[in-house]
Amino acid sequence: MKICVIPIDNRPVCYNLFKDISAIDEDIELYLPPRNMLGDLYKNANVEALFDWLKKVPVVDNIVLSLDTMAYGGLIPSRRCPESFEQIKARIDVLKEILKSKQAKIYAFSSIMRISNNNINQEEKKYWSEYGTKLFEYSFNLHKFGKAKTDVPQEILDDYLNTRKRNFKINKLYLEWQKEGLFETLVFSKDDCAEFGFNVREAQELEKLGGYTKTGADEIPLTLFARSVFGEMSVDIEFSEPEYKNLISNYEDVSIEKSVIGQLSLANINVVDKKSSDITLIVNNFKEKQGEIVMKRKTEPYNKVLHLPNKNYMIADVRYANGADNAFVEQLINKKYSDNFFGYSAWNTSANTLGSLLCAAKIKFLAKKYNDEAFKRLQAIRLLDDWAYQANVRQTLDEPVKPNMSQFEKKVSNFLDYDINAEYSFTWHRLFEIEVNLK
């Protein structure tokens, strides 16, 4: 199978994961643009170069496409981009003709512009450092109550609202393309959602127009990648805290149960009973409130004895956002690795964790030329990133990373029976993302 992917940006989880996951099945021929063409925290993607690259891609079965990359230069630039609707439309009209010429099945997604509840402007316009929380509150209250007051200066409010309106018009344009039959699947992603807000209201309007919306963002290309792979797979779902599966995760607007079901549906994975399923999806969910180690949000860690099923299984560890549950992993890591292990993930939000996990599991299950070395490599990276770094070493930020990771490398190596020689880097120059390079 030949699959072309244009990611959101060049983050390790947005770029490297496609290479690491597709390597599990040597039958998959992956076409991925050079990493330097894609955007990062400070620069936009080279859209013209990406257009030229896409034109030269040979005949493929499927294209998994971030529309934000081609329209604005990336997910982050979609919030900052100063160009007008007419300028963006002219650019994506060119993209439309290129896509029509490829004669492939196209699995695309576009983000519904997020509205974060903080004054951090690292991924937003400059004024977010002063007015971010106030803009969030205005958005939340206007949607929930139908009216709201704010002391945000009018010119800033106008700029923010005009950017939203432009992006919303572009998304409605994609809906027209869908009606013309351009896309096999089109998803509108809800990134960093609350229960109310402009983004939630826009999602509701898109749904009324026939659009499909999904909570999440960074993982959606991976879930679409899984969807694009030919073949059937089924799972049963086992929550560690079944009585709490109706609770809502941080940065999301639906319950953890609905988040799980939504990711499975988008990945085209069937949910059946335990006796009939190919794989058991174990969800280590939270009680009362999802924790977050870096943000000092506490929750009750896993306090049961971990019993793994006598069948294929995979694990979505969502008890904490942005990192693993140490109590859970310490039990898992002492188990014996076996062929019926189909993956672990605890990356960032619950949706991020689920999307990446399901993609890798489906590729392994349906692999025509399975590569166990590649699967172990992927699991080593996830455990070193999600568990060793995010849940542990990141909390000792005043010390070098490598010496602190060595004790975890030994445990991961023993669990997977896989030799680890790792280097670590911060390609986005911030502690939120670490890149694990296995030699």
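Is Asn348 buried or exposed? Here are some notes on that and other points, and please keep in mind as you read that this is a predicted model.

1. **Asn348.** With a relative accessibility of 13%, Asn348 counts as buried, because the cut-off for burial is under 20%. Asn348 sits in the loop that links strand E11 (341-345) to helix H12 (350-366). If we set aside residues up to four places away in sequence, Asn348 touches Tyr320, Ala321, Asn322, Thr353 and Phe432. You may like to display those five side by side with the loop.

2. **Overall build.** Stepping back to the whole chain, there are 14 helices and 13 strands. The radius of gyration is 21 Å, close to the 22 Å that the globule rule gives for 439 residues, so the chain is as compact as a globular protein of that length. Along the principal axes, the C-alpha atoms fill a box of roughly 60 × 50 × 45 Å.

3. **Burial, contacts and surface.** Of the 439 residues in the chain, 60% are buried. Among contacts with a separation of 6 or more, 76% are between residues 24 or more positions apart. The accessible surface of the chain amounts to about 17,900 Å², and carbon and sulfur atoms account for 48% of that area.

4. **Charges.** I also looked at the charged side chains. The chain carries 60 positive and 63 negative ones, and the centres of these two sets are 2 Å apart.

5. **The nonpolar cores.** Which residues touch the most other members of the largest nonpolar core? They are Leu281 and Met314, in a core of 130 residues. Helix H13 (residues 372-389) supplies the largest share of this core, with 10 residues. Apart from this core lies another, made up of 14 residues, including Trp128, Tyr138, Val152 and Ala194.

6. **Met314 up close.** Met314 deserves a view of its own. Not counting neighbours within four places in sequence, Met314 is in contact with Met233 and Val235, with Ile279, Thr280, Leu281 and Ile282, with Phe342 and Gly343, and with Leu357, Leu358 and Ala361. Leu281, on that list of contacts, is the residue named together with Met314 for touching the most other core members.

7. **Lys368.** Is Lys368 buried or exposed? Its relative accessible area is 69%, so Lys368 is exposed. Lys368 belongs to the loop between H12 and H13. Beyond its neighbours within four places in sequence, Lys368 is in contact with Asp25 and Asp27. In the case of Asp27, the two residues are 341 apart in sequence, while their C-alpha atoms are 6.1 Å apart in space.

8. **Two positive phi values.** Most residues other than glycine have a negative phi. Glu288 has a phi near 65°, which is positive in a residue other than glycine. Glu288 lies in the loop between strand E9 (279-284) and strand E10 (313-317), and its relative accessibility of 60% makes it exposed. For His429, phi is near 55°, again a positive value in a residue other than glycine. His429 is placed in the loop between strand E12 (422-425) and strand E13 (435-438), and counts as exposed at 63% relative accessibility. Both backbones would be good places to pause when you go through the model.

9. **Thr213.** Thr213 is part of strand E6 (residues 213-215). At 11% relative accessibility, Thr213 is buried, since the limit is under 20%. Leaving out residues up to four places away in sequence, Thr213 touches Ile112, Phe188, Lys190, Ala203, Leu206 and Glu207. How many residues separate Thr213 and Phe365 in sequence? There are 152, and the C-alpha atoms of the pair are 27 Å apart in space.

10. **Pro77.** Finally, helix H4 (residues 77-80) contains Pro77. Pro77 has a relative accessible area of 7% and is therefore buried. Its contacts, aside from neighbours within four places in sequence, are with Asn44 and Tyr72. Between Pro77 and Ser116, which are 39 residues apart along the chain, the C-alpha separation is 15 Å.

Note on methods
Residues are numbered from 1 along each chain as its sequence is written. This is a predicted model: local features need pLDDT of at least 70, side-chain atom pairs count only at pLDDT 80 or more; totals for chains, interfaces and linings use all residues. Side-chain values use heavy atoms; hydrogens and water are left out. Helices (H or I, at least four residues) and strands (E, at least two) are DSSP runs, numbered from the N terminus. The radius of gyration is taken over C-alpha atoms; the globule rule is 2.2 Å times the number of residues to the power 0.38. Buried means under 20% relative accessible area, exposed over 50%, partly exposed in between (1.4 Å probe, protein chains only). Contact means heavy atoms within 4.5 Å. Accessible areas come from the Shrake-Rupley method with a 1.4 Å probe; for residues, only the protein chains shown count as cover. Lys and Arg count as positive and Asp and Glu as negative; His and the chain ends are not counted. The place of a charge is taken as NZ of Lys, CZ of Arg, CG of Asp or CD of Glu. A nonpolar core is a set of buried Ala, Val, Leu, Ile, Met, Phe, Trp, Tyr and Cys residues joined through side-chain atoms within 4.5 Å.
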